[in-house]
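Have the sequence and the 3D view open side by side for this one. We'll pick a starting point and follow its connections from there.

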Amino acid sequence: HQQQQQQHQLPAAAPQVHNNTNDAGKAPVEEPHSSIESHLYLPNETVEDVVRFDYASFDAGAKILSGSPEVKGASAILVDDQDRYMLMPCDVKNKFLVVSLSEDVYLDSIVIGNFEHYSSTFKHFQVLYSASYPTATWNLLGEFRAKNSRTLQTFTIGGQPPWARYLKFRFLTHYGGEYYCTLSRLKVYGTTMMVAAADELSQARVDLDQFILQLAALNENATVAKASSPVSIFDNGTQRFTESHSNISTNSSSSSSSS
């Protein structure tokens with residue numbers, strides 16, 4: 001029972017890398033990172049049938065920058081072809097891959113898929129991000145736990161989306177006991193700065209229109225309230241009395257003059 005618990009126990013958080021020589025396969029200079037538990041992402045239970053722009057697509061301009069020396073066919077994960085895949089021996093200790101997205105985006109979703117049946121599937125993996133490359137420091141996005149399935153799995157990034165152009169994947173554990181671990185597809189969804197700015201501007205206009213309508217409604221209510229208030233009625237009555245008294249005085253003066 002203890003052995004089973006150890007097998008299913010979440011691996012210790014990998015430290016944050018602060019030296020880009022790790023991308024070349026050399027020993028990294030690392031700094032301990034805080035607990036990863038709050039950053040654990042699980043795949044969505046439901047599959048959204050929505051077509052979105054993939055910023056990790058080869059056709060859009062994404063590319064593989066570096067990876068473990070043992071990795072083969074890494075560029076296959078950027079293409080929609082289920083007969084192609086990236087593979088590496090599962091027993092490699094330092095399994096990583098660096099991907100350049102086609103544009104700088106506010107990252108909100110990551111999609112992975114393994115369609116190869118005679119291989120092992122990655123289970124736990126980390127994603128780090130950066131707005132520049134090469135970089136001395138990678139920012140930790142979180143740790144992900146995939147299902148042992150042969151379908152696309154979507155991970156939605158919660159909270160404030162990070163601004164990123166380069167992603168580093170560190171594969172920590174895998175399912176099964178096959179010699180090779182494979183990955184067939186990687187997709188990344190997000191929002192560019194121009195689109196985000198346009199959305200913010202559009203929302204600001206909507207908010208302004210609502211504010212103007214609310215202000216007009218308040219002014220209208222205030223006018224109605226003033227017209228129907230006791231003070232207004234008194235003022236109107238006083239004005240009518242004054243006008244009537246003035247007319248009476250005028251008529252009296254006229255009669256005196258005639259006499």
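What follows is a walk through a few parts of this model, which is a predicted one.

Let's start with a strand. β5 covers residues 86–89, and Leu87 sits in it. Is Leu87 buried or exposed? The cut-off for buried is under 20% relative accessible area. Leu87 comes in at 19%, so it counts as buried.

Who does Leu87 touch, then, once you skip its neighbours within four places in sequence? On one list of numbers you get Glu70, Val71 and Lys72, and further along the chain Tyr180, Cys181 and Thr182. You can also look for Ala76: it is eleven residues away from Leu87 in sequence, and the two C-alpha atoms are 9.7 Å apart in space.

Now zoom out to the sheet. In general, the strands of a sheet pair through backbone hydrogen bonds, and they can do so parallel or antiparallel. Here three strands make an open sheet, in the order β5-β12-β7, with mixed pairing. β5 and β7 (120–121) are the edge strands: each has a single partner, so one side of each has no neighbour in the sheet.

Take a look at how β5 joins its partner. β12 spans residues 180–183, and four bridges link it to β5, with the two running antiparallel. If you want a spot to check by eye, find Pro89, which stands opposite Tyr180 in β12. Tyr180 should ring a bell, as it is also one of the contacts of Leu87.

There is another link to find around here, and this one is made of sulfur. How many disulfides does the model have? The count is one. It is formed by Cys90 and Cys181, with their sulfur atoms 2.1 Å apart. Cys90 lies in the loop between β5 and β6 (95–113), while Cys181 is in strand β12, so the disulfide ties together parts that are 91 residues apart in sequence. Both ends are tucked away: Cys90 is buried at 6% relative accessible area, and Cys181 is buried at 0%. As for its twist, the link of Cys90 and Cys181 is right-handed, with 120° about the S-S bond.

Last stop: the surface. Helix α2 runs over residues 193–227, and Leu208 lies in it. Leu208 belongs to a nonpolar surface patch along with Phe211, Ile212, Leu215 and Leu218. Together these residues have about 500 Å² of accessible area. Compare that with Leu87, where we began: Leu87 counts as buried.

Notes:
Residues are numbered from 1 along each chain as its sequence is written. This is a predicted model: local features need pLDDT of at least 70, side-chain atom pairs count only at pLDDT 80 or more; totals for chains, interfaces and linings use all residues. Side-chain values use heavy atoms; hydrogens and water are left out. Buried means under 20% relative accessible area, exposed over 50%, partly exposed in between (1.4 Å probe, protein chains only). Contact means heavy atoms within 4.5 Å. Patches are made of residues with over 30% relative accessible area and no salt bridge: like charges are joined within 9 Å, nonpolar side chains (Val, Leu, Ile, Met, Phe, Trp, Tyr) within 5 Å. Accessible areas come from the Shrake-Rupley method with a 1.4 Å probe; for residues, only the protein chains shown count as cover. A salt bridge is a side-chain nitrogen of Lys or Arg within 4 Å of a carboxyl oxygen of Asp or Glu. Two strands pair if DSSP finds at least two bridges between them. A disulfide is a pair of cysteine sulfur atoms within 2.5 Å.
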